[in-house]
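Dear colleague,

Please find the structure we discussed below, together with its sequence. I should be grateful if you would read the notes that follow with it open beside you.

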Amino acid sequence: LVYTGKGGVGKTSVAAATALACAQRGYRTIVLSTDIAHSLGDALGIELGPEPIEIAPNLHGQESDAFFNVARYWGRIQQYASSLLRWRGLEEVLAEEMTVLPGMDEIGSLLWIAEHHDSGNYDVIVVDAAPTGETLRLLSLPEAGKWWMEKIEPIGRRISRLTGPFIQRVVGMPMPGDDVFNAGEELFGKLEHLHDLLTDPDRTSIRVVLTLEHVVIKEAERSFTYFHLYGYPTDLVVANRILPDEVGPFFRGWYEAQQRYGPLVEHSFAPIPVLRAPFFDREVVGIPMLTELGKALYGATDPTV
């Protein structure tokens, strides 16, 4: 269950509340954040780390760490690239910094999804994704990786085998061995596997969180279109922070705007169901309040359905 949306709409709270609701129904659940600016642990009131920790019965949580992910998924390739830059005269620390593939920390966060799926340790994986623009960019990476693996990697491997020993002996430039290419193949193979998981409507649900505001709704509509163009199954919309009917005069303008935008959202995303979550009279922080949010969202229904 992948929750995404414009920054500030409360997707972290919705994701955490969903994970708690799943765990309370008996599902072995993990909730993880793929956002660089993590706030999942803050919402839960628990310090999370780069590997899963137990939060509550049937529930684990995780906030992936950039350095941890780079070492885990990019380590061997980075070692070679770093040696190449050091050969060109760069200092070791600078070489290591420059050989981190842009977006590799976020890619590593996404790869955890496939890893948890394949482990069989969990029945439900709830993802607090990055804001929609970043999520769309990351979800396009598996397709780019597949193209690289099919078109470029075989050529690079052949060239390295034919000319590598000569270049290394005469010029002194380090050349990539089979272990480097194998690491690249493994990485992009994992990305392709992740793509297969995320585009399978029987296993994945992409869920858009929004608030009833003009700018937020417009971005959600665009994101909804882009997700479907990429083949990612978006099958639920969550309208968050709905004001109650008994608002005072100060919030009357906001309330009336929400009343206008509510039917618009229902119409725009039809036949996709739209769930509504209320605006609470206090911060939605900590397990008790997140449990209340989960009940308000799903009631007696199964959050995974």
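The notes below go through the sheet, the core and a pair of helices in turn.

Please bear in mind that this is a predicted model.

The sheet. Eight strands form an open sheet with mixed pairing, in the order S3-S4-S2-S5-S1-S6-S7-S8. Strand S3 (53-56) and strand S8 (274-278) are at its edges; each has a single partner strand, so one side of each lacks a neighbour in the sheet. On average, neighbouring strands are turned by 25° against each other, direction ignored. Within the sheet, strand S2 (residues 29-33) and strand S4 (residues 59-63) run parallel and are joined by 5 bridges. In this pair, Ile 30 of the one strand is opposite His 60 in S4.

Helices on the sheet. Helix H1 (residues 11-24) packs on the sheet, where it touches S1 (2-4), S2, S4, S5 (124-128), S6 (206-211) and S7 (234-242). The direction of H1 makes about 165° with that of S5. Helix H11 (residues 287-298) lies across S1, S3, S6, S7 and S8, and runs at about 140° to S8.

The core. The largest nonpolar core has 70 residues, of which Tyr 3 and Leu 210 touch the most other members. H1 gives the most to this core, with 9 residues. Leaving aside residues up to four places away in sequence, the contacts of Tyr 3 include Lys 11, Val 14, Ala 15 and Thr 18, as well as Val 126, Val 127, Asp 128 and Ala 129. Arg 207, Val 209, Val 238 and Tyr 298 also touch Tyr 3.

Helices H9 and H10. Helix H10 (residues 252-269) has 18 residues, which should span 26 Å at 1.5 Å a residue; its end C-alpha atoms are 26 Å apart, in agreement with that value. The buried residues of H10 are Tyr 255, Ala 257, Gln 258, Tyr 261, Gly 262, Val 265 and Phe 269. Several of these spacings fit a general rule: an α-helix has 3.6 residues a turn, so residues three or four places apart point the same way. The cover over the buried residues of H10 includes S6, helix H9 (214-229), S7 and S8.

The axes of H9 and H10 come within 11 Å and cross at roughly 5°. Because angles under 35 degrees count as roughly parallel, H9 and H10 are therefore roughly parallel to each other. On the H9 side, the contact is made by His 214, Ile 217, Ala 220, Glu 221 and Phe 224. H10 contributes Tyr 261, Val 265, Ser 268 and Phe 269 to this contact.

With kind regards

Key:
Residues are numbered from 1 along each chain as its sequence is written. This is a predicted model: local features need pLDDT of at least 70, side-chain atom pairs count only at pLDDT 80 or more; totals for chains, interfaces and linings use all residues. Side-chain values use heavy atoms; hydrogens and water are left out. Two strands pair if DSSP finds at least two bridges between them. Helices (H or I, at least four residues) and strands (E, at least two) are DSSP runs, numbered from the N terminus. Axes are lines fitted to C-alpha atoms, for helices over the stretch in contact, and angles run from 0 to 180 degrees between N-to-C directions. Contact means heavy atoms within 4.5 Å. A nonpolar core is a set of buried Ala, Val, Leu, Ile, Met, Phe, Trp, Tyr and Cys residues joined through side-chain atoms within 4.5 Å. Buried means under 20% relative accessible area, exposed over 50%, partly exposed in between (1.4 Å probe, protein chains only). The expected span of a helix is 1.5 Å times one less than its number of residues. Angles under 35 degrees count as roughly parallel, over 145 as roughly antiparallel, 65 to 115 as roughly perpendicular and the rest as oblique.
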